[in-house]
Amino acid sequence: MAISEAPIVAFEITVNGEARRVAVDVRTTLLDLLREHLGLPGTKKGCDHGQCGACTVHVNGRRVNSCLSLALMHDGEEITTIEGLGTPDALHPMQAAFVACDGYQCGYCTSGQIMSAVALLKEPCGPDDASVRERMSGNICRCGAYPGIVQAVQFAYRNS
Ligand code: FES
Ligand code: FES
């Protein structure tokens, strides 16, 4: 079989609370499924190699790098993307914290940062800034907005 003739696989996946039936090339990553097939471009492609965290989404409530995960592995699972977190009129508290604390500059890494930060609130993490930086170290910000990002996580944590 030629590489371009990889089989198509059909499965069901719940994205932001909505059950979706999809049929994609078996090689499709979860990131590409979301962006290219389901019209959800809020999840960003940075490195496409598991190094930057821009593609972070939640799978059954836990954060994952969607560029490293094949879509078909998530048959029957629940995915949450930044589009499912809040709306412009009703921001999720973490989104509001990033705005309040200037936790971004260009914004390219921001959806991944926020998805990681929301998951972090349910993970074991020390209360100090160093612990937050360690737990957020999988999310790279080329603009260097780290002080605001840490401040936003701490702000949301105090108010959660
Ligand atoms: S795009 Fe997935 S980790 Fe960089
Ligand atoms: S805000 Fe620009 S890469 Fe993080």
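Buried area is the accessible area that two parts lose on being put together, summed over both. With that in mind, the interface between the two domains of this predicted model is a good place to start.

The domain assignment divides the protein into domain 1, spanning residues 3-84, and domain 2, spanning residues 93-158. Taken over C-alpha atoms, the centres of domain 1 and domain 2 lie 22 Å apart. Between them, the two domains bury about 1300 Å², and carbon and sulfur atoms account for 51% of that area. On the domain 1 side, the residues that lose the most area to domain 2 are H58, R63 and I82, which together make up 48% of what that side buries. In terms of contacts, 17 residues of domain 1 meet 17 residues of domain 2.

R63 deserves a second look. Besides being one of the domain 1 residues that lose the most area to domain 2, R63 forms a salt bridge with E123, in which the closest N and O atoms are 2.8 Å apart. By position, R63 belongs to domain 1 and E123 to domain 2. The count of salt bridges between the two domains is one.

Attention now turns to the loops of domain 1, beginning with the backbone. Most residues other than glycine have a negative phi. Against that background, two asparagines are worth pointing out. N16 is not a glycine, yet has a positive phi of about 55°; this residue sits in the loop that links β1 (8-15) to β2 (18-25). N60, likewise not a glycine, shows a positive phi of about 50° and is found in the loop between β3 (56-59) and β4.

The surroundings of these two asparagines can be described by their accessibility. N16 has a relative accessibility of 28% and therefore counts as partly exposed, since that class lies between the 20% limit for buried and the 50% limit for exposed. N60 reaches 45% relative accessibility, so N60 is also counted as partly exposed.

A further loop brings in the nonpolar surface. L70, L72 and M73 make a nonpolar surface patch of about 240 Å². Of these residues, L72 is placed in the loop between β4 (62-65) and β5 (78-80). L72 is partly exposed because its relative accessible area is 31%, and residues qualify for such a patch with over 30%.

How values were computed
Residues are numbered from 1 along each chain as its sequence is written. Chains are lettered from A and ligands numbered from 1 in the order in which they are written. This is a predicted model: local features need pLDDT of at least 70, side-chain atom pairs count only at pLDDT 80 or more; totals for chains, interfaces and linings use all residues. Side-chain values use heavy atoms; hydrogens and water are left out. Patches are made of residues with over 30% relative accessible area and no salt bridge: like charges are joined within 9 Å, nonpolar side chains (Val, Leu, Ile, Met, Phe, Trp, Tyr) within 5 Å. Accessible areas come from the Shrake-Rupley method with a 1.4 Å probe; for residues, only the protein chains shown count as cover. A salt bridge is a side-chain nitrogen of Lys or Arg within 4 Å of a carboxyl oxygen of Asp or Glu. Helices (H or I, at least four residues) and strands (E, at least two) are DSSP runs, numbered from the N terminus. Buried means under 20% relative accessible area, exposed over 50%, partly exposed in between (1.4 Å probe, protein chains only). Domain bounds come from an automatic or database domain assignment. Contact means heavy atoms within 4.5 Å. Buried area is the accessible area (1.4 Å probe) that two parts lose on being put together, summed over both.
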